[in-house]
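Hi,

Here is the structure I promised to pass on. Have a look at it first, and then read my notes underneath.

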Amino acid sequence: MTRTKVSTVVLDAHDAHQLADFYVRLLGYEVRGDEPDWVLIGPRDGDGVSLAFETEREYVRPVWPTRKPGDQQMMLHIDIEVDDLEGETARAVAAGATLAEYQPQDDVRVLLDPSGHPFCLWVETPE
């Protein structure tokens, strides 16, 4: 089998640039590509998964957790490991995230980015 790897995760949004700006602030990534309806960002050291954002005029915010049939469901979410859960949660909120109402675990914080995509900050806990 030839070598394969996930290089980029693409998220749709009403405004690709606004969402890219949020993740640049959150992750410390840099912009690698910028077009009118598309932005690519990635780690400054080049090591890791990049994120791309595409403007979708008909974008519908996901609902998490799903409350009723027909809601736009979350299709994926990003897990971000942190050392300081409370500090990084506060920083994410200051950058434009919203803390989700439902928090299913003590060692994870579920947040919503400005386009409504859920993402999780988590800290490794000793077993």
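The protein exposes about 8,100 Å², with carbon and sulfur atoms supplying 49% of that area; accessible areas come from the Shrake-Rupley method with a 1.4 Å probe, and for residues only the protein chains shown count as cover. Bear in mind that this is a predicted model, where local features need pLDDT of at least 70 and side-chain atom pairs count only at pLDDT 80 or more, while totals for chains, interfaces and linings use all residues. Residues are numbered from 1 along each chain as its sequence is written, and side-chain values use heavy atoms, leaving out hydrogens and water.

On overall dimensions, the C-alpha trace spans about 40 × 40 × 35 Å along its principal axes. The radius of gyration is 15 Å, which agrees with the value near 14 Å for a compact globule of 127 residues (taken over C-alpha atoms; the globule rule is 2.2 Å times the number of residues to the power 0.38). Of the 127 residues, 35% count as buried; buried means under 20% relative accessible area, exposed over 50%, and partly exposed in between, with a 1.4 Å probe and protein chains only. Among contacts (heavy atoms within 4.5 Å) between residues at least 6 apart in sequence, 49% join residues at least 24 apart.

Now the fold. There are two helices and eight strands, and from the N terminus on they run β-α-β-β-β-β-α-β-β-β. Helices (H or I, at least four residues) and strands (E, at least two) are DSSP runs, numbered from the N terminus.

Four of the strands form an open sheet in the order β1-β4-β3-β2, with mixed pairing; two strands pair if DSSP finds at least two bridges between them. β1 and β2 (30-35) are the edge strands, each pairing on one side only. Neighbouring strands of this sheet are turned by 20 degrees against each other on average, direction ignored (axes are lines fitted to C-alpha atoms, for helices over the stretch in contact, and angles run from 0 to 180 degrees between N-to-C directions).

β4 is worth a closer look. Five of its six residues are buried, so β4 is largely enclosed by the rest of the structure. With β1 it pairs in the parallel sense over six bridges: Thr8 has Ser50 as its bridge partner in β4, and Val10 stands opposite Ala52. β3 and β4 run antiparallel and are joined by four bridges, with Ile41 opposite Leu51.

What sits next to Ile41 in β3? Leu40 is also found in strand β3, and at 23% relative accessibility Leu40 counts as partly exposed. Leaving aside residues up to four places away in sequence, Leu40 touches Thr8, Glu30, Val31, Arg32, Gly33, Ser50, Leu51 and Ala52. Leu40 and Ile80 are 40 residues apart in sequence and 18 Å apart in space, C-alpha to C-alpha.On to the packing. The largest nonpolar core has 24 residues, and Phe22, Tyr23, Ile41, Phe53, Phe119 and Leu121 have the most contacts inside it. A nonpolar core here is a set of buried Ala, Val, Leu, Ile, Met, Phe, Trp, Tyr and Cys residues joined through side-chain atoms within 4.5 Å. Two or more residues each come from β1, α1 (16-27), β3 (38-42), β4 (50-55), β5, α2 (85-95) and β8. The largest share, six residues, is from α1. A second, separate core has five residues, including Ala100, Val108, Val110 and Cys120. As for Ile41, its contacts beyond four places in sequence include Ala20, Tyr23, Val24, Tyr29 and Phe53.

Away from the four-stranded sheet, β5 (residues 78-81) alternates along its length: Ile78 and Ile80 point to one face and are buried, while Asp79 and Glu81 point to the other and are not. β5 runs parallel to β8 (residues 118-122), with four bridges joining the two. Glu81 has Trp122 as its bridge partner in β8.

Last, the N terminus. Met1 lies in the segment before β1 (8-13) and is exposed, with a relative accessible area of 97%. The C-alpha atoms of Met1 and Gln18 are separated by 39 Å, although the two are 17 residues apart along the chain.

Cheers
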